[in-house]
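Colleague: Could you walk me through this model, one question at a time? I am new to reading structures, so please go step by step.

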Amino acid sequence: MSPLYRLYRYEHGDGTAKEWAYADLGNGTAQIRWGPAGRLRQTQSKPLQVALERAREKTLKGYVAVGRADIDATGAVVLLSRDGPDQRVTPVVPAAPTPDPKPTRDIAALLGEDDGFYF
């Protein structure tokens, strides 16, 4: 039986999508799969902590957690459940935008008061 994967999807503006997934193999390693939506043919094994960090990075890039999926040897994806993000992945909290500070201007210097010249 193949392991269950956590599936993440990135939707492009043109309607296409790509997916990334990982499965905890239970021995401290993870199987990672990626490719076009529905066809995750590329694969590699990494330490579980690396997979969890990559999942966090993917959400920063705009990937959305889809749910749990079964992925066969050919890369075909079968979505088994839709659920929220993996609780082991630190949630992404967008930073509040910081206003662009406008430079302050010394009115006295602009008017020439530093030169002893007054209007």
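Modeller: Gladly, and keep in mind that this is a predicted model. Let's begin with a single bridge: D70 is a residue whose bridge partner lies in β6, and that partner is V78.

Colleague: How many bridges join β5 and β6?

Modeller: Strand β5 covers residues 64–71 and strand β6 covers residues 77–82. The two pair in the antiparallel sense, and the number of bridges is five.

Colleague: In the hairpin of β5 and β6, which residue takes a positive phi?

Modeller: Look at the stretch between the two strands, which has five residues. One of them has a phi near 95 degrees, and that residue is G75.

Colleague: On to the whole sheet, then. In what order do the six strands lie?

Modeller: The sheet is open and its pairing is antiparallel. Its edge strands are β4 (42–47) and β6, each of which pairs on one side only. Neighbouring strands are turned by 35 degrees against each other on average, direction ignored. Read across, the order is β4-β3-β2-β1-β5-β6.

Colleague: Which residue in β5 is the bridge partner of R6?

Modeller: Strand β1 (residues 4–11) pairs with β5 in the antiparallel sense, over six bridges. For R6, the bridge partner in β5 is R68.

Colleague: What angle does the direction of helix α1 make with that of β2?

Modeller: Helix α1 spans residues 48–60 and packs on the sheet. There it touches β1, β2 (17–24), β3 (29–36) and β4. With the direction of β2, the helix direction makes an angle of about 150 degrees.

Colleague: Now the aromatic residues. How far apart in sequence are the parts that the pair of Y10 and Y63 ties together?

Modeller: The structure holds three aromatic pairs. Y10 and Y63 form a tilted one, 5.5 Å centre to centre with 45 degrees between the planes. Y10 lies in strand β1 and Y63 in the loop between α1 and β5, so the parts tied together are apart in sequence by 53 residues.

Colleague: Does Y63 count as buried or exposed?

Modeller: The cut-off for buried is under 20% relative accessible area. Y10, at 26%, counts as partly exposed. Y63 has 9% relative accessibility, so Y63 counts as buried.

Colleague: Which residue has its charged end over the ring of Y10?

Modeller: A charge sits over a ring only if it is within 6 Å of the ring centre and within 35 degrees of the ring normal. Here the charged end is 5.5 Å from the centre of the Y10 ring, and it belongs to K18.

Notes: Residues are numbered from 1 along each chain as its sequence is written. This is a predicted model: local features need pLDDT of at least 70, side-chain atom pairs count only at pLDDT 80 or more; totals for chains, interfaces and linings use all residues. Side-chain values use heavy atoms; hydrogens and water are left out. Two strands pair if DSSP finds at least two bridges between them. Helices (H or I, at least four residues) and strands (E, at least two) are DSSP runs, numbered from the N terminus. Axes are lines fitted to C-alpha atoms, for helices over the stretch in contact, and angles run from 0 to 180 degrees between N-to-C directions. Contact means heavy atoms within 4.5 Å. Rings of Phe, Tyr and Trp (its six-membered ring) pair if their centres lie within 6.5 Å; planes under 30 degrees apart count as stacked, over 60 as edge-to-face and the rest as tilted. Buried means under 20% relative accessible area, exposed over 50%, partly exposed in between (1.4 Å probe, protein chains only).
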